[in-house]
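Dear colleague,

Please find below the structure I promised to pass on to you. My notes on its sheet and its cores follow.

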Amino acid sequence: GGAPSRGDCTGEPPQRDGGRRAVPPGAGLLDQLGKRAEDAAEPVGRSGDKIGEFKLLGIRGRGGMGVVYEAVQETLGRPVALKVLPESVLAYPSLVARFKREAELASRLEHPNLCGVLRVGESEGRHWIAMRYVKGETLESVLRRGPADEVLGASEASRAVTGVDPR
C-alpha cells in the first residue's frame, strides 16, 4: 500500500472525465442529511458524560461527519480528541461506512502536524475515532483572522503544512 488516492478518501469511483465534477465531493452527505454542516453534527453528549472508556470534557469542533470532543481515555489516563458520529447519520449505512473508512485512512497517515488515530470503535451504538489530542489554536480560528501566510508569516505557515522549518 502506497498513499491513499482521492477515491480512497472520498469513497468515490475513479473519474473518467479528467477529474472535473459538477458537484463538489462530499456535497451528497449534506444533501442526504438535508442540513447545514453546523446543524448536521448535533452533540451526542455533554461534559462529564462517558462514551465507552472516554469521559467527555467539552466540544472542540463539529462538522458534517462528527462532533469532536476533548476527552480523557480513563483506562490510560490520557487526553484524546474523540470524534463521534452524530445520531442523524446512523440511518445512512453508507455514511457510517464512510466514517469507518475515514478512520482507516487516517490511521495510515504519519505527519508531525496530524493527529494520529489511537483507536476506533463503537459504544452503545455510537461510532467514534480516538485521536491524539493537541492543545492549541485550531486552523479554523487562524484562518478567520486572514490568510495563513499573513496571520502566521510565510515561515510558520510553511512549517505548519510541511512539518519542516524552511530556515
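**Sheet, helix and cores**

E5 and E6 form a hairpin in which 2 residues lie between the strands, and glutamate 124 in the turn has a positive phi of about 50°. Please bear in mind that this is a predicted model. Within the hairpin, 6 bridges join the antiparallel strands E5 and E6, and arginine 119 stands opposite alanine 130 of E6.

The hairpin belongs to an open sheet of 6 strands, ordered E1-E2-E3-E4-E6-E5 and paired antiparallel. Strand E1 (50–51) and strand E5 (117–123) are at the edges; each has a single partner strand, so one side of each is left without a neighbour in the sheet. Helix H4, residues 93–108, packs on the sheet and touches E4, E5 and E6, with its direction at about 20° to that of E6.

Two further pairings deserve mention. E4 and E6 are joined in the antiparallel sense over 5 bridges, with leucine 82 standing opposite alanine 130 in E6. E2 and E3 likewise pair in the antiparallel sense, over 8 bridges; there, phenylalanine 54 has glutamine 73 in E3 as its bridge partner.

As to burial, E6 is mostly covered, since 5 of its 7 residues are buried. Histidine 127 is found in this strand. Is histidine 127 buried or exposed? Its relative accessible area is 9%, and because buried means under 20%, histidine 127 counts as buried. Leaving aside neighbours within four places in sequence, histidine 127 is in contact with Lys83, Val84, Leu85, Leu90, Val96, Phe99, Lys100, Gly121 and Glu122.

The largest nonpolar core has 12 residues, among them Val44, Ile51, Phe54, Leu56, Leu82, Trp128 and Ala130. At least two residues of this core come from each of strand E2 (54–63), strand E3 (66–73), strand E4 (78–84) and strand E6 (126–132). A second, separate core of 10 residues includes Leu85, Leu95, Ile129 and Met131. In soluble globular proteins, nonpolar side chains tend to be buried together.

Within the largest core, leucine 56 may be of interest for its surroundings. Not counting residues up to four places away in sequence, leucine 56 touches Gly45, Arg46, Ser47, Gly48, Asp49, Ile51, Tyr69, Glu70, Ala71 and Leu82.

With kind regards

Technical notes: Residues are numbered from 1 along each chain as its sequence is written. This is a predicted model: local features need pLDDT of at least 70, side-chain atom pairs count only at pLDDT 80 or more; totals for chains, interfaces and linings use all residues. Side-chain values use heavy atoms; hydrogens and water are left out. A nonpolar core is a set of buried Ala, Val, Leu, Ile, Met, Phe, Trp, Tyr and Cys residues joined through side-chain atoms within 4.5 Å. Buried means under 20% relative accessible area, exposed over 50%, partly exposed in between (1.4 Å probe, protein chains only). Helices (H or I, at least four residues) and strands (E, at least two) are DSSP runs, numbered from the N terminus. Contact means heavy atoms within 4.5 Å. Two strands pair if DSSP finds at least two bridges between them. Axes are lines fitted to C-alpha atoms, for helices over the stretch in contact, and angles run from 0 to 180 degrees between N-to-C directions.
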